[in-house]
Amino acid sequence: MKYIGEHLLPGQLGHFFILLALVSSLVAMIAFFKATNAADPADERSWKKLGRISFGLNAISILTVFGLLVYILASHKFEYYYAWNHSSRDMNPEYLLAALWEGQEGSFLLWSFWYVVIGLYFIFKRTKWEAPVMTVLALAQICLATMVLGIYFGDTMIGSNPFLLVREKFADAPVFSRPDYLSLPQMQDGQGLNQLLQNYWMVIHPPVLFLGFAATLIPFAYAIAGLWKKDFAGWTRESLPYSLFSAGILGLGIMMGAAWAYESLTFGGYWAWDPVENASLVPWLILVAGLHTQVIFNATGHSLRATYLFYLLGFIMIVFSTFLTRSGVLGDSSVHSFTDLGMNTQLLLFLLIFTIPSLALFGLRFKSIPHIAKEEETSSREFWMFIGSLVLFLSAAVITWQNSFNPIYNKITGQNTAAPEDIEFSYNKIQIFVAIVIAILTSIAQYLKYKKTAGGWVKKIAIPTLIAALICVVYFLVSGLDYDKKGIGFQIALYLAFVASVYSLVANASFIWIGLNGKLKAAGGSITHVGFALSLVGILISASNRSVLSFNTTGINLKWDERSKEKPLENLTLIKGVPTDMGKYMATFVNADSTNKNGNISYYRIDMMRKDSLENFSLYPNLIRNTKGMEGFSNNPDSRHYWNRDIFSYITYAADMDNRDDTAQFKKYTVNVKDTVYYSNGFFTLNSVVPNPNNKKYQFLPTDTALMADITVFSKEGTRYTAQPVFYVKGNEARFMVDTVFAQNIAIAFSRVLENQKIELQVKESNRMVPFVALKVYEFPHINLLWLGIIIMTVGFGVSMVYRSKQGRLKAVNKI
Amino acid sequence: MKKTHIIILIFIAVAIAVLISFMGDLTTYDTVASARQKEGKFVHLIAKLDKNQPVEYDPIKNPNYMRFVAIDTLGHSTPVIYHNAKPTDFEKSERLVLKGSMKAGTFECDEMLMKCPSKYKDDVEANKNNLSSN
């Protein structure tokens with residue numbers, strides 16, 4: 001059949017370039033492989049030349065594929081499944097890139113894109129390690145290209161083609177029997193980007209994270225190159241800046257995800273020990289361990305074997321995390337893994353291709369890797385740095401075990417084990433000790449010298465120790481750490497971790513002057529440690545002293561079931577316009593408003609007023625109606641930021657969320673003064689009819705024509721309420737104002753004045769009448785320390801990188 | 001033996017101890033019947049909402065109390081009490097993972113995971129339905 005209006009050229013071009021990317025990376029790998037193994041320099045040169053040309057071709061192909069996909073999304077070519085599934089016409093153009101990497105295919109391309117950048121950099125850099133490093137990189141490019149290949153071999157699909165058409169994806173759907181199917185309304189617009197992902201973090205977090213993922217390949221490739229060429233120690237200086245770069249960027253990318261989670265998802269925090277978060281944290285921990293052993297080796301000649309192991313495992317864990325998050329084995333245990341595309345076998349192969357040969361090579365060459373038989377002195381810096389690396393590595397190993405035990409064990413044995421009762425605590429109770437040990441080691445180790453330390457270091461560290469102790473004592477007197485839900489043992493551990501972190505912070509900051517005479521350029525390590533310690537302090541304070549402001553203290557007409565007392569009653573109901581007690585604040589739900597052009601985001605304005613001062617502010621937590629054919633809402637929190645704390649709120653329930661229509665009708669009653677009318681939960685009495693009322697609620701003048709019915713409502717529970725509906729005449733027209741007793745869900749209107757002193761009242765009862773929201777409000781104290789710490793840490797990595805790359809060049813010059 | 005080796009051995013011993021204690025903390029996925037047998041023990045109950053029974057939730061009275069009936073794939077059902085806000089579109093959930101324990105015939109749920117057409121994952125089938133139903 002000939003379909004009308006399809007633009008098939010971009011897709012055909014795209015698929016061609018995907019194939020070209022695969023073939024060119026294959027050629028590049030073979031050529032660089034040959035160049036690495038070539039004995040004759042002329043041979044090596046010609047192979048290298050071929051490798052560079054093919055990699056250039058690969059770069060052009062990946063960039064073209066990227067560009068074509070952007071074009072398809074930007075020009076709304078909805079005949080393509082990728083555009084139809086991930087974008088829509090009303091989507092903000094700035095989310096175009098977010099739509100690009102919403103799908104698996106796009107995120108693989110993003111990853112591949114970074115390899116293009118890194119590979120071109122290495123080619124232009126002309127290092128002697130180019131050929132072996134590029135061989136490994138080209139292998140990664142091959143694996144990534146197969147992920148987006150979309151070719152069938154027999155019944156097995158290899159990769160998922162981003163240029164697939166909708167009619168190919170849903171070949172059996174009846175609409176495609178029409179040649180003009182593109183003119184049908186359902187093909188005029190796409191499904192849109194997942195509403196939760198329409199967030200600026202979605203634009204910046206994935207590129208940074210994937211750059212971090214991609215960069216971990218560099219130390220891996222250098223380690224492979226060292227083993228391969230049997231030049232075991234030749235790469236460790238040259239590659240140190242790259243290792244620093246990948247650790248810095250990966251750390252930043254992970255924490256950007258944490259910031260996103262905190263800002264717009266409702267984990268109620270920034271870290272949930274979710275399998276996806278863990279999967280990217282583990283390679284970072286291993287990489288940081290490797291970084292330290294690499295520094296040890298460069299300074300003393302110790303720990304080279306450990307450096308190899310850590311760098312190999314660092315990238316292997318990246319691929320393992322890719323397997324975990326994209327294969328669907330995590331199943332229900334994670335909220336944000338990718339959709340299973342049925343590529344499990346392929347992902348497993350990707351993992352094995354990088355795991356088995358690299359570890360086999362490591363095992364084979366292990367004996368020949370140089371090491372110093374004589375042991376490190378206990379007083380040496382390298383001894384304690386090595387212990388620190390070991391702790392980081394074991395921490396990563398334990399997290400990996402906890403993270404992947406259940407899905408893999410259940411898959412293999414068919415058992416039904418599940419996560420522990422308190423998942424976060426099962427991690428926290430272990431990692432808190434890791435934090436303590438690491439923080440103490442980072443404080444002390446720098447004051448020690450490589451090889452052997454003389455006695456003087458204790459004097460140097462005395463002042464920072466005193467300052468840190470003083471800070472801790474003051475903080476504990478003023479505030480302390482309140483978290484005692486897990487018993488005194490864990491609370492003591494929290495205190496210890498706090499002391500250790502403050503110590504690390506002060507000791508590292510002081511070291512810049514005590515040990516390095518204030519040379520900031522050389523202080524990258526100390527700066528990074530300061531940032532890390534500051535983050536730990538921020539985490540400890542904000543998590544331990546997080547307080548719930550929305551404790552349901554008074555509420556309106558609340559009937560508690562007695563069993564609920566010891567439960568966390570963290571949701572407070574706010575009825576529109578009624579100021580409600582919320583700890584230090586009076587909170588008022590003012591209105592709900594939708595301001596975006598689709599009308600699918602409702603902002604709830606909550607006015608907060610401090611009781612002890614005149615400070616006033618509004619929070620706008622919002623609800624986003626889900627797109628893409630999914631039911632329900634996503635709640636998006638809003639925070640008020642102070643320098644020392646955040647007030648964090650999100651909607652847990654809103655009256656208009658269920659979208660049921662209010663079907664209740666007004667019922668008419670004719671009443672006299674002193675008459676009583678019954679309703680489902682009690683009765684009310686008309687006390688009097690007041691002409692031209694002038695009170696808090698109504699200000700009528702004696703010249704107006706207005707009547708107010710003064711009514712007392714008696715509920716079954718024995719509570720009394722006042723209702724004052726008004727009937728008035730304005731501009732020769734009779735009007736009335738309804739008065740609502742929200743607590744009883746009744747609305748009363750004074751609709752007519754009848755003969756014989758009688759009036760007509762209309763009464764509506766409805767459980768849908770009261771506009772209200774239930775919300776949670778938390779206070780996170782000193783959360784800014786965490787974000788500031790992360791920024792300082794990233795800066796520290798950058799400073800180190802610059803310093804180490806200069807050092808590397810200097811050493812190279814000296815050698816010649 | 002070197003100090004480093006001793007320290008490595010100590011660390012490995014600690015790590016193994018930690019992991020064994022982790023294994024002890026692991027819980028299980030259960031059905032209503034097996035959760036009844038483990039009364040008072042923390043389990044993950046896999047069930048779905050019995051849509052023939054009412055869901056009690058009145059946020060005006062108490063936003064932290066909801067009660068409903070869950071039914072598992074074997075057809076056994078149990079009342080569930082959940083002391084928290086009702087999740088959005090609870091009624092439309094396809095499957096529930098209820099974390100909590102059975103107490104006197106009622107499942108006291110501490111935490112609930114809903115398997116809705118997910119917020120985070122694309123639901124290809126739902127999209128396909130969009131294609132045909134319009």
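This passage looks at four helices of chain A in a predicted model.

Helix α10 of chain A covers residues 217-229, so to speak a by-the-book case: its 13 residues reach 18 Å from first C-alpha to last, close to the 18 Å expected at 1.5 Å a residue. Of those 13 residues, 11 are buried, so α10(A) ends up largely enclosed by the rest of the structure. The buried set begins with A:Leu217, A:Ile218, A:Pro219 and A:Phe220, carries on through A:Ala221, A:Tyr222, A:Ala223 and A:Ile224, and finishes with A:Ala225, A:Gly226 and A:Leu227. Right after the helix comes A:Lys230, with a positive phi near 55 degrees.

Next up is a helix pair. Helix α12 (residues 275-300) and helix α13 (residues 304-327), both of chain A, have axes that come within 8 Å and cross at roughly 165 degrees. With angles over 145 degrees counted as roughly antiparallel, that is the label α12(A) and α13(A) therefore get. The crossing of α12(A) past α13(A) is left-handed. As for what sits in their contact, it has 17 nonpolar and eight polar residues, and no charged ones.

Helix α16 of chain A (residues 423-445) also has a span that fits: its 23 residues should cover 33 Å at 1.5 Å a residue, and the end C-alpha atoms are indeed 33 Å apart. Even so, α16(A) bends by about 30 degrees at A:Lys429. Buried residues in α16(A) include A:Tyr427 and A:Ile430, along with A:Ala435, A:Ile436, A:Ile438, A:Ala439, A:Ile440, A:Leu441, A:Thr442, A:Ser443 and A:Ala445.

Terms used:
Residues numbered from 1 in each chain as written. Chains lettered and ligands numbered in written order. Predicted model: local features only at pLDDT ≥ 70, side-chain atom pairs only at ≥ 80, totals over all residues. Helix = DSSP H or I, 4+ residues; strand = E, 2+ residues; numbered from the N terminus. Expected span 1.5 Å × (residues − 1). Buried ≥ 20, exposed ≤ 12 C-beta atoms within 10 Å, placed from the backbone. Axes fitted to C-alpha atoms, helices over the stretch in contact; angles between N-to-C directions. Parallel < 35°, antiparallel > 145°, perpendicular 65-115°, else oblique. Left-handed = near helix turned anticlockwise from the far one by under 90°. Nonpolar A, V, L, I, M, F, W, Y, C, P; charged D, E, K, R; others polar. Bend = angle between axes of the 7 residues up to and from the residue.
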